[in-house]
Amino acid sequence: MAQSTEVNEGRTEQVARDRWIPFLDEFTRENRGAHAKLQVLGIDAARYLELEDRPFDGIDADVKDGEDAVWIHFGSGVDDHITHGIERVTAIRARPATGGSGATVEIESADSIRTLLELSLPADYALPPAEGR
């Protein structure tokens with residue numbers, strides 16, 4: 001079960017470790033194709049922009065054998081595919097899309113470094129309806 005807390009601009013859920021895989025699977029289904037920005041927030045309060053305006057392809061967790069790793073995938077093809085990995089994950093927090101901003105996921109690792117995935121609103125990347133089909 002996810003625990004809810006108020007953080008920044010909306011309701012943020014802390015995802016229980018036993019729900020990481022199904023939660024991230026659903027998050028991927030709902031947000032694949034969104035434009036993504038990925039930042040790494042260091043323990044010295046510095047922000048490092050890893051990438052910006054890349055198509056989000058998915059996010060998954062590996063929890064077997066205590067791995068506790070999260071993999072975030074970007075790109076729409078073999079030529080532009082990028083994967084960002086976070087090891088020794090201790091917490092996953094998520095905020096759904098709101099009226100003014102897309103969904104976000106924050107991953108915290110054992111060394112207190114946080115990785116922030118920010119996505120565009122679904123309407124910003126939705127394909128127009130097919131005509132004549």
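Which side chain does a polar contact of 2.8 Å join to that of His 73? The partner is Asp 60. This is a predicted model. The briefing below covers the nonpolar core, the aromatic rings, helix H1 and the surroundings of His 73.

**The nonpolar core**
- The largest nonpolar core holds 24 residues.
- Ile 72 and Leu 117 have the most contacts inside this core.
- Helix H1 (20-31) gives two or more residues to the core.
- Strands do so as well: E3 (35-41), E4 (47-62), E5 (69-74), E7 (89-95), E8 (104-109) and E9 (114-119).
- Ile 72 touches Leu 117 itself, leaving out residues up to four places away in sequence.
- By that count, Ile 72 also touches Leu 38, Phe 56, Gly 58, Ile 59 and Ile 82.
- Thr 83, His 84, Ile 86, Ile 107 and Thr 115 complete the list for Ile 72.

**Aromatic rings**
- The model has two aromatic pairs.
- In one of them, the rings of Phe 27 and Phe 56 have centres 6.0 Å apart.
- The planes of these two rings stand at 80°, so the pair is edge-to-face.
- This pair links distant parts of the chain, with Phe 27 in helix H1 and Phe 56 in strand E4.
- The two residues are 29 residues apart.
- Phe 27 and Phe 56 are both buried.
- Ring pairs join Phe 23, Phe 27 and Phe 56 into a cluster.

**Helix H1**
- H1 has 12 residues.
- From first C-alpha to last, H1 reaches 16 Å, close to the 16 Å expected at 1.5 Å a residue.
- Its buried residues are Trp 20, Phe 23, Leu 24, Phe 27, Thr 28 and Asn 31.
- Seen down the helix axis, the buried residues of H1 fall within an arc of 135°, so they line one face of the helix.
- Arg 29 and Glu 30 lie on the other side of H1 and are exposed.
- Gly 33, just after H1, takes a positive phi of about 100°.

**Around His 73**
- His 73 sits in strand E5.
- Is His 73 buried or exposed? Its relative accessible area is 18%, under the 20% limit, so His 73 is buried.
- Besides the side-chain polar contact with Asp 60, His 73 has further neighbours in contact.
- Setting aside residues within four places in sequence, these include Pro 55, Phe 56, Asp 57, Gly 58 and Ile 59.
- His 81, Ile 82 and Thr 83 are also in contact with His 73.
- Phe 56 thus appears twice more: it is in contact with His 73, and Ile 72 touches Phe 56.

Conventions:
Residues are numbered from 1 along each chain as its sequence is written. This is a predicted model: local features need pLDDT of at least 70, side-chain atom pairs count only at pLDDT 80 or more; totals for chains, interfaces and linings use all residues. Side-chain values use heavy atoms; hydrogens and water are left out. A nonpolar core is a set of buried Ala, Val, Leu, Ile, Met, Phe, Trp, Tyr and Cys residues joined through side-chain atoms within 4.5 Å. Buried means under 20% relative accessible area, exposed over 50%, partly exposed in between (1.4 Å probe, protein chains only). Helices (H or I, at least four residues) and strands (E, at least two) are DSSP runs, numbered from the N terminus. Contact means heavy atoms within 4.5 Å. Rings of Phe, Tyr and Trp (its six-membered ring) pair if their centres lie within 6.5 Å; planes under 30 degrees apart count as stacked, over 60 as edge-to-face and the rest as tilted. The expected span of a helix is 1.5 Å times one less than its number of residues. The arc is that of the directions from the helix axis to the C-beta atoms. A polar contact is a pair of N or O atoms within 3.5 Å; within protein, one must be able to donate a hydrogen and the other to accept it, and residues adjacent in sequence count only if both atoms are side-chain atoms.
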